[in-house]
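Q: Please take a close look at one strand of this protein and describe its surroundings in some detail. Which strands does it pair with, and how does it sit in the whole?

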Amino acid sequence: MHDFDIRPWGEWQVLDDQDGFKVKRIVVHPGRRLSYQTHEHRAETWVVAKGTCTAVIDGETVVAGPGESVHVEVGQPHRITNMHDELLVIVEVQLGAYTGEDDICRLEDDYGRAAVG
(Lines give C-alpha, C1' and ligand atoms only; values in the text may rest on other atoms or scores of the structure.)
Protein backbone atom coordinates (compact mmCIF):
# COMPACT_ATOMS: atom_id res chain seq x y z
CA MET A 1 0.00 0.00 0.00
CA HIS A 2 2.77 2.46 0.88
CA ASP A 3 5.69 3.27 -1.42
CA PHE A 4 8.92 1.29 -1.00
CA ASP A 5 12.17 1.37 -2.96
CA ILE A 6 15.56 -0.30 -2.84
CA ARG A 7 18.46 2.03 -3.60
CA PRO A 8 22.22 1.38 -3.99
CA TRP A 9 22.76 2.66 -0.41
CA GLY A 10 19.85 0.81 1.23
CA GLU A 11 16.07 1.24 1.14
CA TRP A 12 13.17 3.46 2.13
CA GLN A 13 9.52 2.89 2.90
CA VAL A 14 6.72 5.44 3.24
CA LEU A 15 4.94 5.00 6.57
CA ASP A 16 2.43 7.84 6.16
CA ASP A 17 1.63 10.37 3.43
CA GLN A 18 -0.87 13.17 4.00
CA ASP A 19 -1.38 16.76 2.84
CA GLY A 20 1.67 18.74 3.95
CA PHE A 21 3.80 15.86 5.26
CA LYS A 22 5.27 12.43 4.58
CA VAL A 23 6.93 10.00 7.01
CA LYS A 24 9.57 7.50 5.80
CA ARG A 25 11.68 4.74 7.31
CA ILE A 26 15.17 4.92 5.78
CA VAL A 27 17.74 2.12 6.13
CA VAL A 28 21.36 2.86 5.14
CA HIS A 29 23.85 -0.02 4.83
CA PRO A 30 27.27 0.22 6.53
CA GLY A 31 29.76 2.32 4.56
CA ARG A 32 27.10 3.79 2.25
CA ARG A 33 25.71 7.27 1.79
CA LEU A 34 22.87 9.01 0.01
CA SER A 35 23.45 11.69 -2.59
CA TYR A 36 24.33 15.23 -1.54
CA GLN A 37 21.07 16.90 -2.53
CA THR A 38 18.56 19.69 -2.07
CA HIS A 39 14.76 19.93 -2.12
CA GLU A 40 12.83 22.90 -3.44
CA HIS A 41 9.52 22.14 -1.72
CA ARG A 42 10.19 20.40 1.58
CA ALA A 43 12.12 20.49 4.83
CA GLU A 44 13.20 17.25 6.52
CA THR A 45 13.77 16.12 10.09
CA TRP A 46 15.62 12.86 10.66
CA VAL A 47 15.29 10.94 13.92
CA VAL A 48 17.90 8.23 14.37
CA ALA A 49 16.27 4.98 15.54
CA LYS A 50 19.34 2.73 15.25
CA GLY A 51 23.01 3.25 14.46
CA THR A 52 24.94 6.48 13.99
CA CYS A 53 24.12 9.06 11.32
CA THR A 54 26.97 11.18 10.04
CA ALA A 55 25.14 13.89 8.10
CA VAL A 56 26.45 16.73 6.00
CA ILE A 57 24.18 19.77 6.20
CA ASP A 58 25.22 22.74 4.05
CA GLY A 59 28.86 21.61 4.21
CA GLU A 60 28.91 21.04 8.00
CA THR A 61 29.22 17.55 9.51
CA VAL A 62 26.61 16.61 12.15
CA VAL A 63 26.73 13.28 14.03
CA ALA A 64 23.54 11.91 15.63
CA GLY A 65 22.85 8.67 17.51
CA PRO A 66 19.67 6.89 18.58
CA GLY A 67 17.03 9.31 19.84
CA GLU A 68 18.78 12.34 18.36
CA SER A 69 17.50 14.33 15.40
CA VAL A 70 18.83 16.45 12.54
CA HIS A 71 16.82 19.17 10.78
CA VAL A 72 17.24 20.25 7.15
CA GLU A 73 15.62 23.46 5.86
CA VAL A 74 14.06 23.80 2.41
CA GLY A 75 16.82 24.27 -0.19
CA GLN A 76 19.64 23.33 2.21
CA PRO A 77 22.18 20.86 0.73
CA HIS A 78 22.31 17.64 2.76
CA ARG A 79 23.46 14.02 2.83
CA ILE A 80 23.01 11.03 5.16
CA THR A 81 26.06 8.80 5.63
CA ASN A 82 26.52 5.55 7.54
CA MET A 83 30.23 5.40 8.41
CA HIS A 84 29.80 2.52 10.88
CA ASP A 85 29.52 -1.29 10.82
CA GLU A 86 25.84 -1.57 11.78
CA LEU A 87 22.68 -0.63 9.89
CA LEU A 88 21.51 2.95 10.20
CA VAL A 89 17.74 3.31 10.59
CA ILE A 90 16.19 6.77 10.38
CA VAL A 91 12.61 7.99 10.60
CA GLU A 92 12.33 10.96 8.25
CA VAL A 93 9.53 13.52 8.52
CA GLN A 94 9.12 15.65 5.40
CA LEU A 95 7.16 18.91 5.77
CA GLY A 96 6.03 20.90 2.75
CA ALA A 97 3.33 21.48 0.19
CA TYR A 98 4.94 18.88 -2.11
CA THR A 99 6.81 15.74 -0.99
CA GLY A 100 7.18 13.84 -4.27
CA GLU A 101 10.31 11.82 -5.07
CA ASP A 102 11.02 14.07 -8.06
CA ASP A 103 11.79 16.99 -5.70
CA ILE A 104 15.43 15.89 -5.48
CA CYS A 105 18.29 17.87 -7.02
CA ARG A 106 21.40 15.69 -6.67
CA LEU A 107 24.57 17.78 -6.34
CA GLU A 108 26.93 14.79 -5.83
CA ASP A 109 26.21 11.07 -6.03
CA ASP A 110 28.31 7.93 -5.57
CA TYR A 111 26.07 5.98 -7.95
CA GLY A 112 26.09 8.18 -11.07
CA ARG A 113 22.68 9.79 -10.49
CA ALA A 114 23.78 13.44 -10.08
CA ALA A 115 22.34 16.00 -12.47
CA VAL A 116 24.67 16.90 -15.31
CA GLY A 117 24.77 20.58 -15.98
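A: Two strands are said to pair here if DSSP finds at least two bridges between them, and strands themselves are DSSP runs of at least two residues, numbered from the N terminus. With that in hand, the strand chosen for this predicted model is E3, which covers residues 21-28.

The partners of E3 come first. On the one hand, eight bridges connect E3 with strand E10, residues 88-95, and the two run antiparallel. Within this pairing isoleucine 26 lies opposite isoleucine 90 of E10, while valine 23 of E3 has valine 93 of E10 as its opposite number. On the other hand, E3 also pairs in the antiparallel sense with strand E2, residues 10-18, again over eight bridges. Here glycine 10 is the residue that stands opposite valine 28 of E3. E2 and E3 form a hairpin with two residues between the strands, and in this hairpin glycine 20 adopts a positive phi near 90 degrees.

The neighbourhood extends one step further through E10, since this strand is also joined to strand E5, residues 43-50, by seven bridges in an antiparallel arrangement. In that pairing alanine 43 stands opposite leucine 95 of E10.

As for burial, a residue counts as buried when its relative accessible area is under 20%. Six of the eight residues of E3 meet this criterion, and the strand is therefore largely enclosed by the rest of the structure. For the protein as a whole, buried residues account for 42% of the 117 residues.

The wider setting of E3 is a protein with zero helices and eleven strands, so that the pattern read along the sequence is β-β-β-β-β-β-β-β-β-β-β. Among contacts between residues at least 6 apart in sequence, 67% join residues at least 24 apart. The C-alpha trace spans about 35 × 35 × 25 Å along its principal axes. A compact globule of 117 residues would have a radius of gyration near 13 Å, and the protein agrees with this because its own value is 13 Å.

Turning to the surface, the protein exposes about 6300 Å², of which carbon and sulfur atoms supply 51%. The protein carries 11 positive and 21 negative charges, and the mean positions of these two groups are 6 Å apart.

Conventions. Residues are numbered from 1 along each chain as its sequence is written. This is a predicted model: local features need pLDDT of at least 70, side-chain atom pairs count only at pLDDT 80 or more; totals for chains, interfaces and linings use all residues. Side-chain values use heavy atoms; hydrogens and water are left out. Buried means under 20% relative accessible area, exposed over 50%, partly exposed in between (1.4 Å probe, protein chains only). Helices (H or I, at least four residues) and strands (E, at least two) are DSSP runs, numbered from the N terminus. The radius of gyration is taken over C-alpha atoms; the globule rule is 2.2 Å times the number of residues to the power 0.38. Contact means heavy atoms within 4.5 Å. Accessible areas come from the Shrake-Rupley method with a 1.4 Å probe; for residues, only the protein chains shown count as cover. Lys and Arg count as positive and Asp and Glu as negative; His and the chain ends are not counted. The place of a charge is taken as NZ of Lys, CZ of Arg, CG of Asp or CD of Glu.
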